[in-house]
Amino acid sequence: MVRRHPAARFMPGVWVFPGGAVDEADRAAAGAPDEPDEAAHRACARRELREEAGIELTADQDLWPWSRWITPEAVPIRFDTRFYLAEAPAHARPKPDGDEVVEAEWVAPAEALARRRERGFELVFPTIKHLEGLAGYASAADAVAAARVRRVEPILPRVVGTREDFRVILPGDEEY
């Protein structure tokens with residue numbers, strides 16, 4: 001996980017998974033010059049992992065789709081974000097870029113959730129949900145094996161309530 005720069009305009013100081021927006025180079029690398037396709041999203045994920053955390057995946061290391069989250073309609077700045085899983089190269093050590101992210105470290109899902117409860121390890125809702133889901137796997141290899149056969153459906157959370165008192169509900173929740 002990486003911690004975003006405390007002075008960042010978007011999600012300052014929050015711990016997240018490396019990632020970002022698909023750019024022209026990602027689309028070109030994937031042969032998708034117009035709308036980004038799955039290959040462009042994977043090229044972006046590889047690039048962002050390298051840029052933000054200093055982790056370089058080899059050409060034979062696949063990225064496996066894990067989820068796709070779309071920002072709720074009530075949020076003014078919206079994203080359509082894809083999350084991928086991959087096993088890191090052996091002995092890879094994450095290194096923050098010092099610009100977008102100021103810290104980077106390997107954190108087991110259960111440990112990240114415990115840090116959030118105990119020490120203010122700041123996480124956002126989708127990251128929490130991903131960590132909760134990943135905590136059920138005994139190893140990265142087990143999670144990647146699950147990702148290889150996982151069917152990814154877009155998740156569009158809904159926000160209900162008022163600005164002062166709201167809840168986020170997900171597809172499958174009774175209130176959704």
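**Entry 1. Salt bridges at R115**

A salt bridge, as I use the term here, is a side-chain nitrogen of Lys or Arg within 4 Å of a carboxyl oxygen of Asp or Glu. I applied this to a predicted model. I looked up E111 and R115 and found that they form a salt bridge, with the closest N and O atoms 2.8 Å apart. Both residues belong to helix α3, four residues apart, which is about one turn of the helix. I then checked the accessibility of the two partners. E111 has a relative accessibility of 36% and counts as partly exposed, whereas R115, at 13%, is buried.

I next looked up E105, whose side chain also meets that of R115 in a salt bridge, at 2.8 Å from N to O. E105 sits in the loop between β5 (101–104) and α3, while R115 is in helix α3, so this pair ties together parts that are ten residues apart in sequence. For E105 I noted a relative accessible area of 22%, which makes the residue partly exposed.

**Entry 2. Salt bridges in helix α2**

I searched the whole structure for salt bridges and recorded 15. One that I examined joins R47 to E51, with 3.2 Å between the closest N and O atoms. These two residues are both in helix α2, four residues apart, or about one turn of the helix. I asked myself whether R47 is buried or exposed. R47 is buried, because its relative accessibility is 10% and the limit for that class is under 20%. E51, by contrast, is partly exposed at 37%.

I also asked which residues are linked in a network of salt bridges with R47 and E51. The network consists of D23, D26, R47, E48 and E51.

**Entry 3. Packing of α3 and α4**

I returned to helix α3, residues 109–119, to describe how it packs with helix α4, residues 125–134. Two packed helices are described by the angle between their axes and the distance between the axes. For this pair I noted an angle of about 135 degrees and axes 8 Å apart. That angle makes α3 oblique to α4, because the roughly antiparallel class is reserved for angles over 145 degrees. I recorded the crossing of α3 past α4 as left-handed.

**Entry 4. The loop between β1 and β2**

I looked up F10, which lies in the loop between β1 (2–4) and β2 (15–16). At 36% relative accessibility, F10 counts as partly exposed. I then asked which residues form a nonpolar patch on the surface. They are F10, I77 and F79, and together they have about 260 Å² of accessible area.

M11 lies in this loop between β1 and β2 as well. I noted a phi near 50 degrees for M11, a positive value in a residue other than glycine. M11 is partly exposed, with a relative accessibility of 24%.

**Entry 5. A second positive phi**

I looked up H91 and found a phi near 65 degrees, again a positive value in a residue that is not glycine. H91 lies in the loop between β4 (80–85) and β5. I asked whether H91 is buried or exposed. At 78% relative accessibility, H91 counts as exposed, because that class begins over 50%.

**Entry 6. Separations between C-alpha atoms**

I looked up V2 in strand β1. V2 is buried, with a relative accessibility of 1%. The C-alpha atoms of V2 and G19 are 9.6 Å apart, and 17 residues separate the pair along the chain.

I then turned to L49, which is found in helix α2, residues 38–53. The relative accessibility of L49 is 19%, so this residue counts as buried, the cut-off being under 20%. I asked what distance separates the C-alpha atoms of L49 and P94, 45 residues apart along the chain. The separation is 9.2 Å.

Key:
Residues numbered from 1 in each chain as written. Predicted model: local features only at pLDDT ≥ 70, side-chain atom pairs only at ≥ 80, totals over all residues. Heavy atoms only, no water. Patch = residues over 30% accessible without salt bridge, like charges linked within 9 Å, V, L, I, M, F, W, Y side chains within 5 Å. Areas by Shrake-Rupley, 256 points an atom, 1.4 Å probe, with all protein chains shown as cover. Buried < 20%, exposed > 50% of the residue type's maximum accessible area, 1.4 Å probe, protein only. Axes fitted to C-alpha atoms, helices over the stretch in contact; angles between N-to-C directions. Parallel < 35°, antiparallel > 145°, perpendicular 65-115°, else oblique. Left-handed = near helix turned anticlockwise from the far one by under 90°.
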